[in-house]
Amino acid sequence: MPDPHLDALVAALSNAGSGETPLDTLRQILDAMPVLVCLMDRDRRHIYGNRPYLDFTGIPLEALVGKTIGDLMGEETFRSMQGQAERALRGEPVQSEGWMPGRNGLRYMVRMHAPHHGPDGAVAGYFVLLQDMTERREIQDDLFRLAYYDPVTGLANRLLLLKHMSDYHTMGEPFTLVIVDADRFGDIRTSMGQGFANELLSDLAQRLQQSGSFDLLARVSDHAFALLIAGECDPVAIERRIETIAGIVRSARTGSGAAVFLSASIGVAPSGADHARSEDVLRDAEIAAGRARAQGGAQHAWFDPDMHTRVVEQVRLEYDLRRALERGQELWVAYQPVVELVTGGLAGFEALVRWNHPERGNIPPGVFIPIAESTGLIVSLGKWVLAEACRQVAEWQGKREPGSSPLFMSVNLSTRQLIEPDFVEVVREVLQDSGVEPGWIKLEITESAVMEKAEQSIQLLRQLRELGIKLSIDDFGTGYSSLSYLHKLPIDSLKIDQSFVSAMHQSEENRAIVRIILDLARLLGFDVIAEGIETSADANLLRALACDYGQGYHFARPVPPAEAEGFVRGVLPWRDGR
Ligand code: C2E
Ligand code: MG
Ligand code: MG
């Protein structure tokens, strides 16, 4: 039967080859191949080997011919190929990969092709191809390292941990997972640099590794490690290990010996029958670590199923809040009057965001603001509230009784908004777009947020104030103000936290605190707003203490804009109605 491929090959070897005969050309090609080729007879004695094959065996062709693999490489190698040879003899296609000791100590991959059919169709012999696979093997090893190991610490990564967990799970072996999540690691990286942070992590990894009290140590996220401890969970033993781990974390330092105060939020979850998938144990341990973090860090928490429910709930709310922000229908702003205590007149409002959830009704800000903060949604939420409040106060100024002084509008800010690099720009833009007089707007920042980063806050507050707006410290008295900073803060007002106001009547001591805050404010030139005034007795006492402004249910609750407009127009139930 004519074979066009064969014809083409013969023609090519005859015409294009540089050798004297077609066979000579074929030999040159075989010798130039990066593959080791040899032909053997049916007794597996060599008939031919190409140049790379001769180089590999180190034997000239004359010496090679007639020798078996056993003669060249030992009986063991010969026997190891017996099975393949037999299959080939039976006419089965054999193409397998194996290892063979090479002359230079490297290991070669052997690929055996057989059988070689003679002209009568019988098995006439074999041809064997050997390929140097060292490089491929190295690449495979590199890929494995990249896929399963963390380049910074050299530890197993999350994927390898999951593989191990899945193996334990399949074998029905119980295990416990301990997550060690470094607290405030983002801050450390920001202030000390990536290099320092990496060194700290590597040191921690190394010393955890040396403590040896686990079956696998892995780096599972940016700043968290996981320890897999095999066997039935023994809570007492685990607690002891956690103590050791916490000690190691506390004494973390860099390779050059620089130390920082480091602590960790540690979460523990034992595998159990209710874990359908092994990765659920990792999820539970991470939830527990999250709980330890939420409680202030530097502590540990064991997973309990309630935590899972709560996390699912949070994720749900986060999703709904995102949607609400996009659609812009469920969120609205309530306004609570701020009253001038001496006259009882309306001085301004505080804008308080409200969420009317389509299924759950009103969700208090105390629930959704922290979610918005932790997810960063507060940035767009806060901008929206500010824009809405600016628009509203601009509209209301024109509806005031003639001759009355302009209203101010207080808007709450969260720390998360303050750290946005373009925050001041955003405020400037919102002010411009709404056409509001900057002096009408007062931004409230909680005492703890300001004091946390006092130096940076002062800078930022200055820039805000240069826009012409007013600033106020919210929930004053609940944080730890440093007096040395307080007098440097470019602010206009203090808001005494409602906990002091409600406690005023309980003891002379509580009254003294309020009095001291008032004296301090006067000394520093701030005006004072008392929050949470619920009774006329509160109002009277504060008036007697010469507190400037008051806010609370005694005057009015936070109300929808239409109702607040009544106050703007001069209908003041707390003054006229009672
Ligand atoms: P805050 O800024 O200290 O606001 C005062 C809170 O006290 C409001 O709670 C208000 O309704 C409540 N309140 C007013 N008068 C009284 C009273 O006489 N008695 C009692 N017991 N409570 C009174 P609300 O609206 O639930 O807000 C809670 C917190 O949520 C606010 O505390 C503020 O920190 C935050 N928040 C509200 N809206 C926003 C916002 O738009 N952005 C940000 N970042 N935070 C907001
Ligand atoms: Mg406030
Ligand atoms: Mg407050």
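R184 sits in the loop that runs between β7 and α10. Its backbone is worth a look: phi is positive there, about 50 degrees, even though R184 is not a glycine. Keep in mind that this is a predicted model. Below is a quick tour of the domains, the two biggest pockets, the metal site and a few local backbone details.

**Domain layout**
- The domain assignment splits the protein chain into domain 1 (4-138), domain 2 (149-303) and domain 3 (330-577).
- Taken over C-alpha atoms, the centres of domain 1 and domain 3 are 87 Å apart.

**The largest pocket**
- Its volume comes to about 1300 Å³.
- The lining is made up of 36 residues, and R293, A294, P370, E373 and S374 are the ones nearest the centre of this pocket.
- Two or more lining residues come from each of β7 (175-182), α10 (185-192), α13 (279-294), α14 (305-327), α15 (365-375) and α17 (415-418).
- Where does this pocket lie relative to domain 2 (149-303) and domain 3 (330-577)? Both domains give residues to the lining, so the pocket lies between them.
- Sorted by class, the lining has 13 nonpolar, 10 polar and 13 charged residues.

**The second largest pocket**
- This one holds about 950 Å³ of space.
- Its lining counts 37 residues, with E350, L352, P365, N412 and D474 nearest the centre.
- At least two lining residues apiece come from β13 (346-357), α15, α16 (378-397), β15 (408-412), α17, α19 (447-452) and β17 (470-476).
- The class breakdown here is 14 nonpolar, 13 polar and 10 charged residues.

**The magnesium site**
- Which residues act as protein donors of the magnesium ion (ligand 2)? They are E350 (OE), N412 (OD1), E444 (OE) and D474 (OD), at 2.0 to 2.2 Å from the ion.
- Along the chain, the donors of this magnesium ion (ligand 2) are spaced as E-x61-N-x31-E-x29-D.
- Distant parts of the chain get linked this way: E350 is in strand β13 and E444 in strand β16 (residues 441-446), 94 residues apart.
- Of these donors, E350 is buried at 3% relative accessible area, and E444 is buried at 1%.
- D474 does bridging duty between the magnesium ion (ligand 2) and the magnesium ion (ligand 3), and the two ions lie 4.1 Å apart.
- Three of the donors turn up again in the second largest pocket: E350, N412 and D474 are among the residues nearest its centre.

**Positive phi spots**
- Back to R184: this residue is partly exposed, with a relative accessible area of 46%.
- A298 also has a positive phi of about 50 degrees without being a glycine.
- You'll find A298 in the loop between α13 and β11 (299-302).
- Is A298 buried or exposed? At 54% relative accessibility, A298 counts as exposed.

**Helix α25 and what follows**
- In helix α25 (residues 561-568), the buried residues are A564, E565, F567 and V568.
- Around the helix axis they span an arc of only 150 degrees, so they sit on the same side of α25.
- The general background is that an α-helix has 3.6 residues a turn, so residues three or four places apart point the same way.
- G570, just after α25, takes a positive phi of about 105 degrees.

Conventions
Residues are numbered from 1 along each chain as its sequence is written. Chains are lettered from A and ligands numbered from 1 in the order in which they are written. This is a predicted model: local features need pLDDT of at least 70, side-chain atom pairs count only at pLDDT 80 or more; totals for chains, interfaces and linings use all residues. Side-chain values use heavy atoms; hydrogens and water are left out. On a 1 Å grid over the protein atoms alone, a cavity is a set of points where a 1.4 Å probe fits but cannot get out, and a pocket is an open set with protein on both sides within 12 Å along at least five of seven lines; lining residues have an atom within 4 Å of a point. Grid points are joined across faces, edges and corners, and a volume is the space filled by probe spheres set on the points. Helices (H or I, at least four residues) and strands (E, at least two) are DSSP runs, numbered from the N terminus. Ala, Val, Leu, Ile, Met, Phe, Trp, Tyr, Cys and Pro count as nonpolar, Asp, Glu, Lys and Arg as charged, and the others, Gly among them, as polar. Domain bounds come from an automatic or database domain assignment. Donors are N, O and S atoms within 2.8 Å of the metal (3.2 Å for Na, K and Ca); water is not among the atoms, so sites may look incomplete. Buried means under 20% relative accessible area, exposed over 50%, partly exposed in between (1.4 Å probe, protein chains only). The arc is that of the directions from the helix axis to the C-beta atoms.
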